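Colleague: I should be grateful for a close look at one part of this structure, the place where two helices pack together. Please explain it in terms that a first-year student can follow.

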Amino acid sequence: MMVAASACGVTDDDLDPTEDEPSEGKSDGWGPGCTAARGGDHYEFLDDVCHKKRTPSNRDRDLTCPVVASTATPTLVDGRVVRYSPATTAIEVDDEALVGIVPSNLDVTVILVRRVNGVPHYRYLSNGTHDEAFQPWSSTKFMAIANAAATLRTRSNNRVGLTASASGIPLGDLATVIHSYDERRYSSNGLARYFHDIGGRARANGVVHDWIRRPLTETFGGNYGAPAPLLGYTFVERGGASVAITPDTSSGPSNHLSTFTLAEFLKRLVMHREDAATRLPGLQWADAASLFYGAADSVWYPSSLGGMSADSAIYVQASLPIDTIEQRSRGRWRVFSKLGFGDGEFVHVSYACLPAVDSSGKPIMDVGKEVVISVRLATGGSSMEERDALLARHYRAILTRVLDGRLK
């Protein structure tokens, strides 16, 4: 049984990884958990058809994840010492760390974060599939938005970004539509193409190679199967600054990326303030905040967390004792994510900040966790509903081990 987290003295034991393990034939959150999830074109975890999604009670858009670690060289259960490294060092992937935890048919990259003396250090884990490139479907839409924001900053001498509006609509609200699939006004696919028109497809592809340093076999700039909406290309900030651009309507390269690229791209956006050396050129934190939370001056979602916080997939949340996370962090947890789905392939990339704070609100050393996960599941299960539930189980296998310290 899970022990309730107290305001102080909380440990990883408060997050019992076996508390709600699924059992055969039981509707226990591992599908199908509601009538709506049984059949149809939408799925329990990918689309949250059971409406279980939760958001943090703390809505601070400038929150820095309150997780602190005592060392960058922790000791594993088996006695091995592993090393986390800052962003300025060469990346090494432990490609055996997830073998036996998730199957070989799951393409996966996990980036664990430890903030030591205020500096993020990283450890990269995989089952050997992190460099496998594939069609990532809609999971790349956050990348198109970030590229558009950087382009707007560059074209406007940093005066205009994702904080601006087009045709009177905040760009952050459009980012929320893309992630939430609230398509009452515009489609997610059409808006993602619109952001490619803004950012430029050649520039988007260049970001993958020049910024993330990925091989030429990986490409980015493809559209999402719908025309761009009839929105203008003059962008206006609340203070009056504006910039007009000519949209890029060229045909870009197809989207063909690895889980490593998706994870690294999101990690760098989240760590924009901390890691100056890996910032997306041109991007400002206000743009990243609009991507993660939606528009600060929202017209359509004034009382909701938007942007990547509004992703309809709940793979991360379904893997967590969310009430305990909310309590022990005083609402200062975060999940930013983006789903992808096509031809039976489930793709997802996510960032989770899962802190533990004491009675004064200060982070408790070595208890909170911070992680980026990128996955692609193309096979498994006798139906798409079962494959969706399988991916949720794989997420849980990873996150329970992150929470209880078996993965670090």
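Modeller: In this predicted model, helices α1 and α2 are roughly antiparallel to each other. That description rests on the angle between their axes: helix α1, residues 141-155, and helix α2, residues 171-180, pack at about 165°. Angles over 145 degrees count as roughly antiparallel, so the pair receives that name. The two axes lie 10 Å apart, and α1 passes α2 in a right-handed crossing.

The residues that make this contact can be named on each side. Helix α1 contributes K141, F142, I145 and L152. Helix α2 contributes L171, A175, I178 and H179. Sorted by the character of their side chains, the residues of the contact comprise 6 nonpolar, 1 polar and 1 charged. The charged one is K141 of α1, because Lys counts as charged. The polar one is H179 of α2, because His is listed neither as nonpolar nor as charged.

To place this pair of helices in its setting, one may turn to the disulfide. A disulfide is a covalent bond between the sulfur atoms of two cysteines. The structure holds 1 disulfide, formed by C65 and C353, with their sulfur atoms 2.1 Å apart. This bond links distant parts of the chain, since its two cysteines are 288 residues apart. C65 belongs to the segment before β1 (93-94), whereas C353 belongs to strand β11, residues 345-354. The torsion about the S-S bond is about 95°, so the disulfide is right-handed. Both cysteines are buried: C65 has a relative accessible area of 7%, and C353 has a relative accessible area of 1%.

Two loop residues deserve a remark on backbone geometry. Most residues other than glycine have a negative phi. N117, although not a glycine, has a positive phi of about 55°. This residue lies in the loop between β2 (106-116) and β3 (119-126). R213 is likewise not a glycine and has a positive phi, here of about 65°. R213 is found in the loop between α4 (201-211) and β7 (234-236).

The accessibility of these loop residues may be set beside that of the cysteines. N117 is exposed, with a relative accessible area of 77%, and R213 is exposed as well, at 66%. C65 and C353, by contrast, are buried.

Conventions: Residues numbered from 1 in each chain as written. Predicted model: local features only at pLDDT ≥ 70, side-chain atom pairs only at ≥ 80, totals over all residues. Heavy atoms only, no water. Disulfide = S-S within 2.5 Å. Helix = DSSP H or I, 4+ residues; strand = E, 2+ residues; numbered from the N terminus. Buried < 20%, exposed > 50% of the residue type's maximum accessible area, 1.4 Å probe, protein only. Axes fitted to C-alpha atoms, helices over the stretch in contact; angles between N-to-C directions. Parallel < 35°, antiparallel > 145°, perpendicular 65-115°, else oblique. Left-handed = near helix turned anticlockwise from the far one by under 90°. Contact = heavy atoms within 4.5 Å.
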